[in-house]
Amino acid sequence: MAEHSSSIFGEMSTLAVQLGAINLGQGFPDTDGPDLLKQVAAEAIADGRGNQYPPPNGLPLLREAIATHQSRFYGLQVDPQAGVVVGTGASEVLQSALMALVDEGDEVVMLEPWFDIYGAGISLARAVRVGVPLVGPGLRPDLGRLREAITPRTRLILLNSPHNPSGIVLTPAELQAVADIAIEHDLLVLSDEAYEHLWFDGHRHIPIATLPGMAERTVTVGSGGKTFSFTGWKVGWASGPADLIAAVRVVRQHLSFVSGGPFQYAMAAGLGLPDEYFTGFRADLQAKRDLLATGLADLGLGVVMSEGTYFLTTDVRPLGYEDGMAFCRELPRRAGVVAIPHQALCDDQAVGAPYVRWAFCKRPSVLEEALERLARGLR
């Protein structure tokens with residue numbers, strides 16, 4: 001685990017604090033989510049609901065809400081009793097799934113760059129990570145390379161769409177190609193859908209579990225923190241077939257055991273919010289995306305327009321940089337702004353070398369200030 005002893009997110013956030021830089025690196029909003037959810041959590045605390053250990057697999061109320069959500073938005077039928085597990089954020093659920101579903105020496109195939117906890121989770125499972133690069137100016141998955149990456153040792157495909165850090169959303173054709181490979185080679189799929197409601201410009205998120213032959217082999221991970229802008233509450237979940245979820249439950253109960261009792265009541269209420277909440281949330285983030293994207297393009301960066309998530313990617317080569325890591329380490333001192341290099345999220349350094357991730361889940365005034373700093377610092 002020595003390779004995971006530090007995190008690029010920790011490094012850059014520390015720099016932001018030390019230098020008073022604006023942190024467009026870590027993906028957390030700087031405004032709270034719906035007041036209703038805060039009220040539900042506060043009432044649960046006041047009423048003594050959830051102040052002691054909740055059920056190990058999550059409150060029945062929340063598990064029912066998750067199953068109803070999967071049916072409401074995607075037509076997926078999930079058993080709330082046996083097919084759902086709640087954890088301490090999507091991060092814990094992902095780690096639990098990796099440790100439950102792969103064994104030592106198994107290969108886990110995933111798109112590169114990848115969110116850093118994937119690498120740590122695969123190492124904890126003593127498995128082998130295999131990266132398949134996003135390529136071209138639009139950073140799309142190389143489906144030929146994906147097929148070539150499958151070997152007799154491959155156990156699982158770890159999928160992430162909407163994708164962090166690139167901001168792409170996999171198309172129906174791309175998802176079908178992944179599904180075809182999984183079915184042909186009898187692979188499991190762990191689908192990180194933490195940003196499922198954050199897609200823009202008609203790039204609608206489609207869970208891979210909805211494709212024929214995929215529900216029985218897919219564990220789908222969701223995030224209350226990302227969906228409702230309460231990342232500090234750390235409530236996430238997984239849903240899927242009972243046999244796979246049972247395996248995830250066994251591991252997860254030996255990690256945090258339980259957490260977030262009062263917040264689970266709030267997340268259950270959030271999942272039942274009307275459609276207007278979800279469409280309004282997307283519209284607000286899309287406006288922030290457009291603000292940051294326009295400003296970064298005006299500064300000369302090559303913008304890969306975000307189709308989803310909190311993030312957009314830029315190519316730093318138009319500014320004369322070949323190395324996004326060097327750019328990001330210089331930026332806090334030069335301009336008072338923090339971003340994240342793709343390079344730190346790749347085994348193949350050449351894949352992510354010129355690309356940098358920026359978080360736009362901030363107040364417009366913060367984004368405007370960051371752009372003003374960049375305009376001064378990058379002259």
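This briefing describes a β-sheet and two helices that lie against it. The model is predicted: local features require pLDDT of at least 70 and side-chain atom pairs count only at pLDDT 80 or more, whereas totals for chains, interfaces and linings use all residues. Residues are numbered from 1 along each chain as its sequence is written, and side-chain values use heavy atoms, with hydrogens and water left out.

**The sheet**
- An open sheet of 8 strands (DSSP runs of E, at least two residues, numbered from the N terminus) has the order β2-β9-β8-β7-β6-β3-β4-β5, with mixed pairing (two strands pair if DSSP finds at least two bridges between them).
- β2 (84-87) and β5 (140-141) each have a single partner strand and stand at the edges, so one side of each lacks a neighbour in the sheet.

**Strand β6**
- Of the 7 residues of β6 (residues 154-160), 6 are buried (under 20% relative accessible area, 1.4 Å probe, protein chains only), so the strand is largely enclosed by the rest of the structure.
- β6 pairs in the parallel sense with β3 (residues 107-112) over 4 bridges and with β7 (residues 188-192) over 5 bridges.
- Leu156 is the bridge partner of Val108 and stands opposite Leu188 in β7.

**Helix α4**
- The 13 residues of helix α4 (residues 89-101; helices are DSSP runs of H or I, at least four residues) should span 18 Å at 1.5 Å a residue (times one less than the number of residues); the end C-alpha atoms are 19 Å apart, which agrees.
- In α4, 10 of the 13 residues are buried, so the helix is largely enclosed by the rest of the structure; among them are Glu92, Gln95 and Leu98.

Definitions and conventions: Buried means under 20% relative accessible area, exposed over 50%, partly exposed in between (1.4 Å probe, protein chains only).
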